[in-house]
Structures are given as structure tokens and as C-alpha cells.
Amino acid sequence: NMVLSEAADMKNYIEGVIDTPATTLMEHLIQWQKRDDRPHLKKLGDTPVLICAGERDVITPIEMQKELAKRIPKCTFVKVPQGSHNAHLDMPAFVNHKIKQFLRSQV
């Protein structure tokens, strides 16, 4: 989210993408589309999991993340308002607060 993220964070992110060879990016996208990790979620057992889902994530849409959360027995799902795929860059204080809450709840 270019409106919410810090300019320096956006710059670092974009430079990282630009510095990645196109063939690597394309192979990553192809493999990512083929991958289905849903069968592996049961292996988490009773491990607590936090999903912070960007409300406006176009890479991993929030509905997909909600589906994953339902399949994980001890999952806490947090919607990050206005968040993109990089919700931690868009709203770092909000995401950090939710992470702290989650970790405290596990003690």
C-alpha cells in the first residue's frame, strides 16, 4: 500500500524485486501457483499460529487466508485494515501490536 508504507521501505522492496532476475521471479510465480500446502496444515497439530492478513492483499487474497485459518486448529486470524500483501510495512505498529497480543496470550 503505497499510501501507508514508508517511502524507504517501499524503495527497498522495489529495489529487491528489480534486482531479482526475471527468470527467478517467473519461476517463483509459476511454482507458487502450482503449490497447495493445505494438506500439510494438519501437521501443525496444536501449534498456535497467527495469520495477519492484509485486507487488500492481491497476492494472497484475504478470503484465501481465512480459508487457511479455518484449517489450522489453533489459529488466530487478524485482518489488517487497508493492508496489502506487505501489511507489516503498511501498518507496522498495528501488526506489531497484534503479534505482541498473540505472544502474550500463549504464555
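This is a short walk through one chain, from its overall build to its core, one pocket, its cysteines and one loop.

Before I begin, please keep in mind that this is a predicted model, in which local features need pLDDT of at least 70 and side-chain atom pairs count only at pLDDT 80 or more, while totals for chains, interfaces and linings use all residues. Residues are numbered from 1 along each chain as its sequence is written, and side-chain values use heavy atoms, with hydrogens and water left out.

Let me start with the overall build. The chain has 5 helices and 2 strands, where helices (H or I, at least four residues) and strands (E, at least two) are DSSP runs numbered from the N terminus. Read from the N terminus, the order of these elements is α-α-β-α-β-α-α. Along the principal axes, the C-alpha atoms fill a box of roughly 40 × 35 × 20 Å. Of the 107 residues in the chain, 21% are buried, and by buried I mean under 20% relative accessible area, with exposed being over 50% and partly exposed in between (1.4 Å probe, protein chains only).

Now to the core. In soluble globular proteins, nonpolar side chains tend to be buried together. Here the largest nonpolar core has 7 residues, namely L41, V49, I51, A53, I62, A69 and I72; the term covers buried Ala, Val, Leu, Ile, Met, Phe, Trp, Tyr and Cys residues joined through side-chain atoms within 4.5 Å. Strand 1 (49-54) and helix 3 are the elements that give two or more residues to this core, and strand 1 provides the largest share, with 3 residues.

Next comes a pocket. The second largest pocket has a volume of about 310 Å³. A pocket is an open set of points on a 1 Å grid over the protein atoms alone, where a 1.4 Å probe fits, with protein on both sides within 12 Å along at least five of seven lines, and lining residues have an atom within 4 Å of a point. The volume is the space filled by probe spheres set on the points, which are joined across faces, edges and corners. Among the residues that line this second largest pocket are W32, R35, D36, D37, R38 and L41. Helix 2 (22-34) and helix 3 (62-71) are the elements that give two or more residues to that lining, and helix 3 gives the most, with 3 residues.

What about the cysteines, and how many disulfides does a search of the whole structure find? The search finds 0, a disulfide being a pair of cysteine sulfur atoms within 2.5 Å. C52 is in no disulfide, and its nearest cysteine sulfur, that of C75, is 9.6 Å away. Seen from C75, the closest cysteine sulfur is the one in C52, and the 9.6 Å between them is too far for a bond. C52 itself counts as partly exposed, at 24% relative accessibility.

Finally, I turn to the loop between strand 2 and helix 4, where Q82 is found. Most residues other than glycine have a negative phi, and most peptide bonds are trans. Phi of Q82, however, is near 65°, a positive value in a residue other than glycine, and Q82 is partly exposed at 32% relative accessibility. G83 has its place in that loop as well, and G83 is buried, with a relative accessible area of 0%. S84 lies there too, between strand 2 (75-80) and helix 4 (87-90), and is buried at 14%. The side chain of S84 reaches the backbone nitrogen of N86 at 3.1 Å.

Terms used:
A polar contact is a pair of N or O atoms within 3.5 Å; within protein, one must be able to donate a hydrogen and the other to accept it, and residues adjacent in sequence count only if both atoms are side-chain atoms.
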